[in-house]
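Student: I should like to understand how descriptive terms are justified from a structure. May we work through an example together?

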Amino acid sequence: MSDPKDFTHFGLDPLILSAITEMGYATPTPIQAKAIPVVMKGLDVMGAAQTGTGKTAGFALPIIQKLLPHASASMSPARHPVRALILAPTRELADQTADNVKKYVAKTPLRCAVVYGGVDMDPQTAALRSGVEILVATPGRLLDHLQQKNTSLSQVQIVVLDEADRMLDMGFLPDISRILNLLPKERQSLMFSATFSEEIKKLAANFLHDPQLIEVARRNAIADNMTQEVFKLHESEKVAALLELLSTRGPDGGRLTQVLVFVNAKIECRRLARQLQKAGINADAIHGDKTQDERMKALEGFKTDTIEVLVATDVAARGLDIVELPVVINYDVPFAAEDYIHRIGRTGRAGMSGLTIMLMTGSEERAVAAIEKLTKQKFEIRTFDVKQPTRPERSEHRDRPVRRDAFERRPERAYGPPAQPIDDFFSKPYEPGAAPAGAVPAPAAQPASAPGKEKPARVAALLSGIKR
Ligand code: AMP
């Protein structure tokens, strides 16, 4: 008998169910419980869900179910046209999504491939040319392949825009518009986003047809199972404090392993990883200057426990799927309050309890207040009694003015600041095409550089090309 608490009641094929069982999924996550039936019905979806909620299976399982009747064991590429396209903002997210989809289709003749930039095109070209039903891609690289006629999107039945807010932040709107224009008009469209700005609503109004709204947790909410600690100290005490935390906050007061430490600048990222290594900790740095291979290697080492501490910047960490991470440390208070939610979203996933510790200095008080406002909470800020302050390295002294390019190049800064206004969008019924001016209350946590006034017009102009 099918049980609404497990996967059997969705009407998924036994081949899919068996793959899910092998993955160890027993109970659908809330987004899966809501999204799977809606996607199975063929409806468009606008989903409010972050990475870590199980949203990939939420859209991938019903997509696979819908494509199964077309599955072919033939070797002919013509029998394996692209029927589902999943667009993702980063290589890491694309890779992880494809990894999961490949496991879900493992027992079926359906094929999945992934294409993203920064790596050799040839293996991707070979995969595309041999035929693939489910294609996961970052927008730029997909356009390169389309230009070279390595694949065609003329038979796409379902398209997914994953982490749509990130794609807009990263300036992908023109690329997305070009890609959407190449898809058949008759299709199912799904969009997932962790936050909902005016631009996202406009994109949804143009891209989705009478979408079902699916929301799992109130956005900007912090999971209940998360313990958050904030310590105030002097900049010169931070390294010593971090070392102390790493050596005392593990199980039974011992050493912590698998800790993700966030910093704001890549210069800081390198420096801190080096200082931790000098202190005998297996640490690695992951930032925007690292190649895709280096990032993957660091991530793999981290997942397999050969690297104890991964020091990361926001850009590099975006989209990383690291489950069962017990502790996340904010060595710096993030510049944008929203990044705090993304950072600590790496822990406390899937019902696990998580701990997040943030080190702040007097000059970071405003940034901390912005996080409190966005997350609707008041931190208990404690002082940290550092036993032995560590001297900063001479070559990259932290108190020296840091060159601007030392910070991660964040495309979203050029496009517009990423902080999203808190609004009651999801409390209201969906009105196609409606993105009324003034419907959104004043932003709760605006970064120093306010959004350009011309931005909405620019977005509207770009979107006009994809009206369905
Ligand atoms: P996602 O939000 O799709 O990136 O998923 C986050 C993680 O949760 C991935 O590692 C998935 O493999 C895992 N996951 C997804 N659905 C389930 C489930 N129903 N039960 C347990 N783990 C899941």
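Student: Which residues of α9 are buried?

Tutor: This is a predicted model. In α9, the buried residues are Glu199, Ile200, Lys201, Lys202, Leu203, Ala204, Ala205, Asn206 and Phe207.

Student: What makes helix α9 mostly covered?

Tutor: Helix α9 spans residues 198-207, and 9 of its 10 residues are buried.

Student: Why does Val309 count as buried?

Tutor: Buried means under 20% relative accessible area. Val309 has 1% relative accessibility, and therefore counts as buried. Val309 belongs to strand β11, residues 309-312.

Student: Which residues are in contact with Val309, leaving aside its neighbours within four places in sequence?

Tutor: Val309 then touches Leu246, Val259, Val261, Leu276, Ile281, Asn282, Ala283, Asp284 and Phe302. Of these, Asn282 is 27 residues from Val309 in sequence, while their C-alpha atoms are 6.4 Å apart in space.

Student: Why are α4 and α12 called oblique to each other?

Tutor: Helix α4 (residues 91-104) and helix α12 (residues 292-303) pack at an angle of about 55 degrees, with 11 Å between their axes. Angles under 35 degrees count as roughly parallel, and 65 to 115 as roughly perpendicular. The angle of α4 and α12 lies in neither range, so the two helices are oblique. Their crossing is right-handed.

Student: Which residues of α4 and α12 meet?

Tutor: Arg91, Glu92, Asp95 and Gln96 of α4 meet Gln292, Arg295, Met296 and Leu299 of α12. By class, this contact has 4 charged, 2 polar and 2 nonpolar residues.

Terms used: Residues numbered from 1 in each chain as written. Predicted model: local features only at pLDDT ≥ 70, side-chain atom pairs only at ≥ 80, totals over all residues. Heavy atoms only, no water. Axes fitted to C-alpha atoms, helices over the stretch in contact; angles between N-to-C directions. Helix = DSSP H or I, 4+ residues; strand = E, 2+ residues; numbered from the N terminus. Parallel < 35°, antiparallel > 145°, perpendicular 65-115°, else oblique. Left-handed = near helix turned anticlockwise from the far one by under 90°. Contact = heavy atoms within 4.5 Å. Nonpolar A, V, L, I, M, F, W, Y, C, P; charged D, E, K, R; others polar. Buried < 20%, exposed > 50% of the residue type's maximum accessible area, 1.4 Å probe, protein only.
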